[in-house]
Amino acid sequence: MSIWWSLHLRREAASVPLARRLLIGTMETAGVDPDVSYDLSVALSEACANAVEHGGDAERGGCSEAYRVTAYLDGEKCRIEVADSGPGFTRTQDVRPARTDAENGRGLCLIRELADHVHIGAKPGRGGTVVSFDKILKWKKDPSLLTA
């Protein structure tokens, strides 16, 4: 089974649960194991929250109003990309674990823990950051899905 969708979302906190619910619904409909769906939805929430908080266009006074979420479920893998128009994330910036009592700064570390492969880089040709992550899918063992 192959499913692909892309959203263009406002940089507002309310967009984060919208993207998360759409991903969970897509994976549930496709028959993905709930534990895998949950891990990916938490990682997506963290990536979206970063885009909302840090994804403004620095050259235009931080006023970029949107970011993009794209999800691909193809065969045995799910790939998710979150792209914003912020100042970008350079290779010289490393992702350090946050202190355990920190209230901020744990999102990228959490994404790395929940996904099988993570790439954080600049958008080609323009400012901004793209956070992409993959996870191998596991499927529900529910015979009713096979007969529907």
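Which elements do the buried residues of α3 pack against? Some notes on that and the rest follow.

1. Ground rules: this is a predicted model, with local features needing pLDDT of at least 70 and side-chain atom pairs counting only at pLDDT 80 or more, while totals for chains, interfaces and linings use all residues. Numbering runs from 1 along each chain as its sequence is written, and side-chain values use heavy atoms, leaving out hydrogens and water.

2. On the opening question, the buried residues of α3 pack against α2, β4 and β5. In α3 the buried ones (under 20% relative accessible area, 1.4 Å probe, protein chains only) are G107, L108, C109, I111 and L114.

3. Now the helix pair. The axes (lines fitted to C-alpha atoms over the stretch in contact) of α1 (residues 15–30) and α2 (residues 34–54) come within 9 Å and cross at roughly 155°. α1 and α2 are therefore roughly antiparallel to each other (the label for angles over 145 degrees).

4. Who touches whom there? From α1, S15, V16, A19, R20, L23, I24 and M27 meet a set in α2 including Y38, L40, L44, C48 and V52, contact meaning heavy atoms within 4.5 Å. The residues of this contact split into 12 nonpolar, 4 polar and 1 charged.

5. The largest nonpolar core (buried nonpolar residues joined through side-chain atoms within 4.5 Å) has 34 residues, and L40, L44, Y67, I80, V82 and F133 have the most contacts inside it. α2 gives the largest share of this core, 9 residues.

6. Worth a click: L40. Leaving aside neighbours within four places in sequence, L40 is in contact with L23, M27, C78, I80, F133, K135 and L137.

How values were computed
Axes fitted to C-alpha atoms, helices over the stretch in contact; angles between N-to-C directions. Helix = DSSP H or I, 4+ residues; strand = E, 2+ residues; numbered from the N terminus. Parallel < 35°, antiparallel > 145°, perpendicular 65-115°, else oblique. Nonpolar A, V, L, I, M, F, W, Y, C, P; charged D, E, K, R; others polar. Buried < 20%, exposed > 50% of the residue type's maximum accessible area, 1.4 Å probe, protein only.
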